[in-house]
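Biologist: Please take a close look at one part of this model. Then place that part in the whole chain for a first-year student.

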Amino acid sequence: MIIDKIIGNTGAMSLEGRTTDPLLLEWYETTKRIQRKHTQGGMEIAIRFLKEGQRLRIGDVLYMDDSRAVVIDIIPSDAIVVTPRSLLEMGSVCYEIGNKHLPVFIQDDQVLLPFEEPIYRWLLAAGYQTEKAHTKLTNLLNANVQPHSHGNGGGSSLFSKIMGLAAKER
């Protein structure tokens, strides 16, 4: 079965009377535009999204008939969980992680990223409230930002703007 669009999400639609057939994905597979997978019930699914930026989320319904609905679920993975103590710390940790071009997830007022030992030790050493957890990485931060320079070029950086906003909050 070829899927080229998301029908809806279980948060906004009823699946009453239908069996849920989960399609389990790793966090990094949620942004892939083309892939072939099997549901837990054995149904072969070929995903072919033509639009840029389409992303699968937990609860997305890809297929539905009278008896079954294929629904996305995310497989838990090891993650670094940072619990910022202030808006300033939130901006700082997101900037530092983003500056390393790592995927960032924001969930329940926490910053999460896929587990990597060197980054974990660096965050601990930097004094952030950090822990390792096995959890679902579900809310990938959209990282569409303007190109910027790491040098002493003109204009203020994104980091400067975040720091300025955080300083105003105090």
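**A close look at Cys94**

Modeller: Cys94 is buried, with a relative accessible area of 19%. Buried means under 20%, exposed means over 50%, and partly exposed lies in between, with a 1.4 Å probe and protein chains only. This is a predicted model, in which local features need pLDDT of at least 70, side-chain atom pairs count only at pLDDT 80 or more, and totals for chains, interfaces and linings use all residues. Residues are numbered from 1 along each chain as its sequence is written, and side-chain values use heavy atoms, with hydrogens and water left out.

Now find Cys94 in the chain. It lies in helix 1, residues 87-99. Helices here are DSSP runs of H or I with at least four residues, strands are runs of E with at least two, and both are numbered from the N terminus.

What does Cys94 touch, beyond residues up to four places away in sequence? It touches Ile106 and Val111. A contact means heavy atoms within 4.5 Å. Phe105 is another residue to find from here. Cys94 and Phe105 are 11 residues apart in sequence, and their C-alpha atoms are 9.6 Å apart in space.

Follow the contact to Val111. This residue lies in strand 10. Val111 is buried too, with a relative accessible area of 0%. Its contacts, again leaving out residues up to four places away, form a long list. Ile80, Val81, Val82 and Pro84 are among them. So are Met90, Val93, Cys94 and Ile97. Val104, Phe105 and Ile106 complete the list. One of these partners shows how the chain comes back on itself: Val111 and Val81 are 30 residues apart in sequence, but 5.8 Å apart in space, C-alpha to C-alpha.

Just before strand 10 comes a loop worth a look. Asp108 sits between strand 9 (105-107) and strand 10 (110-114). Asp109 lies in that loop between strand 9 and strand 10 as well. Asp108 has a positive phi of about 50°, although it is not a glycine. Asp109 has one of about 60°, and it is not a glycine either. Are these two residues buried or exposed? Asp108 is exposed, at 72% relative accessibility. Asp109 is exposed at 65%. Set that against Val111 in strand 10, which is buried at 0%.

Phe105 leads on to a cavity. A cavity is a set of points on a 1 Å grid over the protein atoms alone, where a 1.4 Å probe fits but cannot get out, and its lining residues have an atom within 4 Å of a point. The count is one cavity of 30 Å³ or more. The largest cavity holds about 60 Å³ of space, a volume filled by probe spheres set on points joined across faces, edges and corners. Phe105 is one of its lining residues, and others include Trp27, Arg55, Ile74 and Leu140. By class, the lining has seven nonpolar, two polar and two charged residues. Ala, Val, Leu, Ile, Met, Phe, Trp, Tyr, Cys and Pro count as nonpolar, Asp, Glu, Lys and Arg as charged, and the others, Gly among them, as polar.

Next, the strands earlier in the chain. Strands pair if DSSP finds at least two bridges between them. One open sheet has four strands in the order 2-6-7-3, with mixed pairing. Strand 2 (8-9) and strand 3 (19-25) stand at the edges, each with a single partner strand, so one side of each has no neighbour in the sheet. Strand 6 (residues 60-64) and strand 7 (residues 68-74) run antiparallel, joined by three bridges. Here Tyr63 stands opposite Val70 of strand 7.

Strand 5 (residues 44-48) runs parallel to strand 1 (residues 2-3), with two bridges. Five bridges join strand 5 to strand 4 (residues 34-38), and these strands run antiparallel. Ala46 of strand 5 is the bridge partner of Ile2. Arg36 also stands opposite Ala46. The hairpin of strand 4 and strand 5 has five residues between the strands, and there Gly42 takes a positive phi near 95°.

Finally, step back. The chain has three helices and 11 strands. Of its 170 residues, 33% count as buried. Among contacts between residues at least 6 apart in sequence, 65% join residues at least 24 apart.

Notes
1 Å grid on protein atoms, 1.4 Å probe; cavity = no way out; pocket = protein on both sides within 12 Å on 5 of 7 lines; lining within 4 Å.
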